Amino acid sequence: LCVEPRRFLLARPIAPPGRVFVDPTYRFGTTQNGEREPHHGVEFVNSSGTPVLAAAAGEVVVAGNDEAESYAEWPFFYGNLVVLEHELPGIGEAVFTLYAHLSEVAVTVGDQVAPGQPIGEVGLSGVATGSHLHFEVRLGENSYAAVQNPELWLAPEQEENGVSYGVLAGRIEDGEGRPIYIPNLVVERLPAQGEEPLWQQYLETYVDPGLIPPGDQGENFALGDLPAGWYRLTFVYRGLQVREVYVAAGRLTKVTFTIED
Ligand SMILES: [Zn+2]
């Protein structure tokens, strides 16, 4: 377990009264139980016309649609989209943010944008089942394979009492250090260690191993905007596995669970 003073370098691409929280039913790397493609971004479910905001200062490198050039596995997937290129402090390579399924695009290639500047509007262009913003973070190159979990980049929101939410990232691996796919990871919020849960949600670890950052530290799940406190994680792999972890406010709490044979 370690708590990193990670700097969350990106702001939300949606502002209140829009929905600023990530859709918990289709997080990065998940498939909605095999119903959809492994997700390369996160969703902000909002109605068409909701302003979409630049997550950081940057330059517009794509503004239009993916008819002629594909930014996913197929053309016509993201519909109208914007991609920004950022130089972020302490990150030695370019960072790209991608905003897809827009109804309107408000910038053109070459524009410099300020953080929070409107760059378009939410829509359902391309392959979208309803109005939402699909948001991606790409590291090093503007490619579908270079995505990172946006929940590790977005600055946590604050609870009503002004305390920042925390972020939990984890790696579940076997005795040889290989990440394990867990289709049903149960995350329970505990009022205190060992007590009965206040709520629970289900999570899938990254289905596609290509989405796990390389090296022996890369996470295969992450959850942002968690109220600080104790959580219980339960999953089945070589029997029932139960772990409790404390998520710190405003920080990245990183855990590795090694399941020996
Ligand atoms: Zn999406």
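## Strand pairing and the S16–S17 hairpin

Two strands are taken to pair if DSSP finds at least two bridges between them. In this predicted model, S16 and S17 meet that condition, running antiparallel and joined by 8 bridges. Within this pairing, Leu233 has Arg243 in S17 as its bridge partner. The two strands make a hairpin with 3 residues between them, and Arg238, which lies in the turn, has a positive phi of about 50°.

Arg238 also takes part in a side-chain contact, since Asp261 forms a salt bridge with Arg238 in which the closest N and O atoms are 3.5 Å apart. Asp261 lies in the segment after strand S18 (252–259), whereas Arg238 lies in the loop between strand S16 (229–236) and strand S17 (240–247), so the pair ties together parts that are 23 residues apart in sequence. Both ends of this bridge are on the outside by the accessibility criterion, Asp261 and Arg238 each being exposed.

## Other sheet arrangements

An open sheet is formed by 3 strands in the order S3-S9-S7, with antiparallel pairing. Strand S3 (51–53) and strand S7 (104–105) stand at its edges with a single partner strand each, so one side of each is left without a neighbour in the sheet. S7 is joined to strand S9 (residues 118–121) by 2 bridges, the two strands running antiparallel, and Val105 stands opposite Gly120 in S9.

A parallel pairing is found between S12 and S18, which are connected over 8 bridges; one of the bridge partners here is Val255 in S18, which is matched with Gly170. Of the 8 residues of S18, 6 are buried, so this strand is largely enclosed by the rest of the structure.

## The zinc site

The zinc ion is coordinated by His39 (NE2), by Glu43 through two entries of its OE atoms, and by His134 (ND1), at 2.0 to 2.8 Å. The 4 donor atoms subtend angles of 51 to 155° around the zinc ion, which makes the arrangement irregular. To count as tetrahedral, four donors would need all angles between 85 and 135 degrees.

Along the chain, the donors follow the spacing H-x3-E-x90-H. Glu43 in strand S2 and His134 in strand S10 link distant parts of the chain, as they are 91 residues apart. Glu43 and His134 are both buried.

## Nonpolar cores and the surroundings of Phe135

The largest nonpolar core has 37 residues, of which Leu10, Tyr99, Ile119, Leu133 and Phe135 touch the most other members. Two or more residues each are given to this core by strand S2 (42–45), strand S5 (80–86), strand S6 (95–102), strand S10 (132–139) and strand S12 (166–174). A second core, separate from this one, has 18 residues, including Ile180, Ile182, Phe235 and Val247. In soluble globular proteins, nonpolar side chains tend to be buried together.

Leaving aside neighbours within four places in sequence, Phe135 is in contact with Leu10, Pro13, Gly41, Val42, Phe44, Ala55, Thr97, Leu98, Tyr99, Pro150 and Leu154.

## Val22 in the loop between S1 and S2

Val22 lies in the loop between strand S1 (2–4) and S2, and with a relative accessible area of 10% this residue is buried. When residues up to four places away in sequence are not counted, Val22 touches Arg27, Val42, Glu43, Phe44 and Glu151. Glu43, one of these contacts of Val22, is also among the residues that coordinate the zinc ion. The C-alpha atoms of Val22 and Leu133 are separated by 9.9 Å, although the two residues are 111 residues apart along the chain.

## Salt bridges

The structure holds 10 salt bridges. One of them joins the side chains of Glu136 and Arg138, with an N to O distance of 2.7 Å, and both of these residues are buried. Another is formed by Arg178 with Asp174, where the closest N and O atoms are 2.9 Å apart. The two partners differ in their surroundings, because Arg178 is partly exposed, with a relative accessible area of 47%, whereas Asp174 counts as buried at 9% relative accessibility.

Salt bridges also link Arg12, Glu157 and Asp225 in a network.

Definitions and conventions
Residues numbered from 1 in each chain as written. Predicted model: local features only at pLDDT ≥ 70, side-chain atom pairs only at ≥ 80, totals over all residues. Heavy atoms only, no water. Salt bridge = Lys/Arg side-chain N within 4 Å of Asp/Glu carboxyl O. Buried < 20%, exposed > 50% of the residue type's maximum accessible area, 1.4 Å probe, protein only. Helix = DSSP H or I, 4+ residues; strand = E, 2+ residues; numbered from the N terminus. Core = buried A, V, L, I, M, F, W, Y, C linked by side-chain atoms within 4.5 Å. Contact = heavy atoms within 4.5 Å. Donors = N, O, S within 2.8 Å, 3.2 Å for Na, K, Ca; no water. Tetrahedral: all angles 85-135°; square planar, octahedral: opposite > 155°, others 65-115°.
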